[in-house]
Amino acid sequence: MGSSPEVLVFDVNETLSDMASMGERFAEVGAPPELARLWFATLLRDGFALAAAGDAARFAEIGTGVLAALLSAERIADPEATAARLASAVADLPLHPDVVEGIRALRGAGYRLVTLSNGSAQVAEQLFGAAGIRGQFERLLTVEDAPAWKPHPAAYRYAAEQCGTREQEMLLVAVHPWDIHGAARAGLRTAWVNRTQASYPSYYARPDLTVDSLTDLTPALAQGS
């Protein structure tokens with residue numbers, strides 16, 4: 001991979017937070033647990049569509065609107081209020097088991113750590129504060145302050161500007177191949193966290209590194225540099 005990157009940029013939702021328990025939250029209100037995955041995928045689709053059209057909306061606004069429609073189709077009582085309550089639960093999710101150890105190791109190795117999320121900075125604040133790792137991150141960046149959602153290149157350029165560095169000195173860490181692709185096209189190096197042993201889509205730019213967990217990233221970076 002060449003020289004070691006200066007700044008590691010982390011996606012938040014699903015990369016660091018474990019969204020598996022969202023299915024349980026859906027079941028608690030009488031909705032099918034599998035609706036949680038459809039909700040998140042539809043939320044991303046609509047955010048991407050706005051970005052492609054040159055527009056933007058906040059993660060919470062899109063998420064609540066999408067969820068209200070899904071819950072209404074399932075005939076859940078008071079879908080708007082229920083949607084708002086469920087959508088806010090993303091800030092209460094646990095982190096993946098490998099995150100705390102992995103983040104501490106990376107910071108201990110001297111890397112600058114930031115986030116770049118399509119969600120709000122407040123969600124990251126709450127997640128990291130509860131886990132005791134907020135102080136490991138230099139900045140909690142969000143596309144709410146950028147020109148466009150990821151994977152638009154403007155989102156990654158915004159992160160580089162905020163960190164006072166070049167895109168080539170940054171490495172995006174994410175579980176989403178679409179995020180890996182967007183970052184690569186914007187000039188960042190990339191690391192794909194493949195906890196589920198999934199196949200990487202052939203139509204996306206391949207990651208510079210692939211690891212099974214965040215705890216594997218520090219040695220992988222050392223070896224790659």
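This report describes the empty spaces in a predicted model, namely its cavity and its two largest pockets.

Rolling a probe the size of a water molecule over the atoms shows where empty space is left. In this model, one cavity of 30 Å³ or more is found, and the volume of the largest cavity is about 40 Å³. Its lining is made up of Asp11, Asn13, Phe40, Leu44, Phe59, Asn118, Lys150, His176 and Trp178, a set that divides into four nonpolar, three polar and two charged residues.

The largest pocket has a volume of about 680 Å³, and of the 28 residues that line this pocket, Glu14, Arg37, Val175, His176 and Thr196 are the closest to its centre. Two or more lining residues come from each of helix H1 (22-28), helix H2 (35-52), helix H8 (177-185) and strand E5 (189-193), while H2 gives the most, with six residues.

The second largest pocket, with a volume of about 190 Å³, is lined by 15 residues, of which Phe59, Ala60, Ala87, Val90 and Val123 are the closest to its centre. Helix H3 (59-73) and helix H6 (121-131) each contribute at least two residues to the lining of this second largest pocket.

The table sets out how the residues of each lining divide.

| Space | Nonpolar | Polar | Charged |
|---|---|---|---|
| Largest cavity | four residues | three residues | two residues |
| Largest pocket | 16 residues | seven residues | five residues |
| Second largest pocket | seven residues | six residues | two residues |

Terms used: Residues numbered from 1 in each chain as written. Predicted model: local features only at pLDDT ≥ 70, side-chain atom pairs only at ≥ 80, totals over all residues. Heavy atoms only, no water. 1 Å grid on protein atoms, 1.4 Å probe; cavity = no way out; pocket = protein on both sides within 12 Å on 5 of 7 lines; lining within 4 Å. Points joined across faces, edges and corners; volume = space filled by probe spheres on them. Nonpolar A, V, L, I, M, F, W, Y, C, P; charged D, E, K, R; others polar. Helix = DSSP H or I, 4+ residues; strand = E, 2+ residues; numbered from the N terminus.
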